[in-house]
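Hi,

Here is the structure I promised to pass on, with my notes underneath. Have a look at it first, then read on.

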Amino acid sequence: MGFAIARNLAKKNLKALRPAQNLLPANDAPAASETGRHSLLRFITCGSVDDGKSTLIGRMLYEAGAVFDDQLDALDSDSRKFGTQGTQPDFALLVDGLSAEREQGITIDVAYRYFATETRSFIVADTPGHEQYTRNMATGASTADLAIILVDARKGLLPQTRRHSFIVSLVGVRHVVVAINKMDLVGYDEAVFAKIAADYRAAVKSLGFASISFIPVSARDGENVMRPSSLMAWYDGPALLPYLESVAITRAAPGSEGFVLPVQWVNRPDLDFRGYAGTPVAGRARVGDPVVALPSGRTSRIARLIGAAGEASQIAAGQAATITLEDDIDVSRGDVIAAADTELPVSRGLTARLLWTGERAMLEGGQFLLKLATQSASATVETLHHSIDIEGFRPLPAQALRMNGIGLVTLRLDRPLVSLPYVRSHELGGFILIDRISNETVAFGFVEADGDAKQPGAIGEGGVVARLRRNLIRIVGRRGTPDRRAWLAAVSWRVLSTAGLFAAAFALTMNAPASLALALGDILLRPGLRALHMRLWRKAPAGTLQDGAGI
């Protein structure tokens with residue numbers, strides 16, 4: 001009964017705020033246009049566990065009139081069943097649909113929801129806060145224009161808040177809204193809000209966000225979600241949903257760069273037609289334009305352009321099309337067709353930032369499958385330059401990259417690939433690494449500009465003493481870390497085995513100098529032979545472990 005009364009009151013409030021005919025529920029909204037009046041905004045919610053991400057999205061859907069009557073009835077029933085909010089509706093159940101999510105009260109998979117108001121359409125991704133599902137959060141962030149980072153007003157900034165902030169900056173999100181939630185549990189205290197805002201600004205000042213806005217909310221009660229709350233009169237900014245309706249997101253204009261099309265499929269319906277199908281990631285092309293096929297470097301001109309509606313005189317970035325060329329040149333899936341005057345680097349090596357999501361740690365020498373746009377190659381981790389300390393976003397020397405770790409690496413490829421820095425092109429700068437045995441995606445990669453591994457702050461500069469110290473830390477690990485303990489264990493075992501060899505040789509020969517020489521020879525020779533052995537194995541053909549070959 002209590003829920004039904006609350007629902008009816010909310011409906012009356014919504015009707016009082018806007019005429020019913022102006023509400024655009026769920027997917028009934030007209031087609032969105034990136035440049036028209038009814039623009040589209042893609043955003044995500046992220047943050048730590050139990051910060052209220054799913055509840056906030058559910059409340060926004062409800063307040064925007066995007067929840068239908070049958071969904072409200074199901075929400076009423078489910079709220080009574082799970083009882084997480086007493087007699088009140090649990091709006092998180094509108095987006096947490098998996099049984100495991102409802103049982104545990106956490107988000108596991110990314111949930112996408114579509115809704116609209118009279119001024120804007122939205123695609124929202126509800127992403128997990130649990131550290132175990134960081135890979136799902138990164139997937140949701142990869143297509144977002146804006147991130148809503150929730151902070152529990154009682155707890156302040158947590159490690160996952162910092163990690164998610166770094167990840168959204170890594171994938172190119174430049175606009176952030178920090179929604180300080182559960183203000184009702186701190187008595188709507190302005191001082192709490194101000195302290196969290198100051199702490200967050202200080203924590204992320206190096207991440208390069210274009211805009212950071214702070215909005216206090218109570219997602220459960222709907223305070224400051226659709227309209228300003230009388231309980232927080234000290235806050236003079238917009239409520240959350242009106243802010244999302246008005247925020248301006250700058251995007252690169254189509255055609256501002258040279259034409260680039262990764263070939264997805266060679267279209268051969270008959271002997272007289274050979275087309276190259278794909279979606280341009282940059283620029284604009286017209287019939288007759290000179291183009292180059294990469295990595296081969298062969299040139300030709302565009303003979304025909306075939307789009308979704310048939311023959312076209314031109315195509316632009318984002319429009320799937322098939323291209324035919326005037327000359328018969330060798331072009332296959334994974335190649336890139338680009339404007340002849342466009343400079344695209346083709347290389348067998350990449351310097352990139354990795355978000356490691358595999359359960360087993362990444363080590364130098366590890367071999368994986370790399371997929372970038374429609375291209376693929378075998379990749380070897382040649383150098384791990386450093387990892388990132390998630391507390392202060394500082395680079396640290398590292399010997400391994402563990403689950404949810406972020407680091408800078410150099411990869412060596414078995415074939416040349418076309419790539420661009422991620423800041424210039426998400427399509428040609430973002431890739432994944434796949435374990436060749438389990439076929440598990442173990443890392444998200446973001447191509448860096450050449451030389452970024454040597455930038456200040458990237459563990460690359462300093463005097464001789466500083467360089468020696470960094471190299472020593474890389475070898476022995478930092479104090480108190482698993483790397484340092486593993487190094488100490490290896491050294492203690494080597495010393496013990498060498499002492500044992502000396503004792504055994506002396507017992508047999510009773511010749512101390514000869515026994516000492518034998519022991520010292522062992523301690524020096526064995527590491528050298530092991531290093532040579534590992535180097536030879538690293539040079540083994542990568543294909544021997546694919547498709548069961550050699551197993």
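A good place to start is a residue pair: I149 has V178, in β5, as its bridge partner. That pair sits in a longer match, since strand β4 (residues 146-152) and strand β5 (residues 175-181) run parallel and are joined by seven bridges. Please keep in mind throughout that this is a predicted model.

Two helices come next. Helix α5 (residues 134-141) packs on the sheet, where it touches β1 (39-47), β2 and β3 (120-126). The direction of α5 makes about 160° with that of β1. Helix α7 (residues 190-203) also packs on the sheet, with β4, β5 and β6 as the strands it touches. For α7, the angle is about 160° with the direction of β6.

What is the order of the strands in the sheet? Reading across, it goes β2-β3-β1-β4-β5-β6, six strands in an open sheet with mixed pairing. At the edges are β2 (111-116) and β6 (211-216), each of which pairs on one side only. On average, neighbouring strands here are turned by 25° against each other, direction ignored.

Now for confidence, which you will want before setting anything up. The protein has a mean pLDDT of 79, with 74% of its residues at 70 or more. Residues 97-106 have pLDDT below 50, and this stretch makes 16 contacts in the model beyond near neighbours in sequence. Another such region is residues 540-551, where pLDDT stays under 50; the model gives these residues 12 contacts beyond four places in sequence.

Happy to talk it through whenever suits you.

Best wishes

Terms used: Residues are numbered from 1 along each chain as its sequence is written. This is a predicted model: local features need pLDDT of at least 70, side-chain atom pairs count only at pLDDT 80 or more; totals for chains, interfaces and linings use all residues. Side-chain values use heavy atoms; hydrogens and water are left out. Two strands pair if DSSP finds at least two bridges between them. Helices (H or I, at least four residues) and strands (E, at least two) are DSSP runs, numbered from the N terminus. Axes are lines fitted to C-alpha atoms, for helices over the stretch in contact, and angles run from 0 to 180 degrees between N-to-C directions. Contact means heavy atoms within 4.5 Å. pLDDT is the predictor's confidence in each residue, from 0 to 100.
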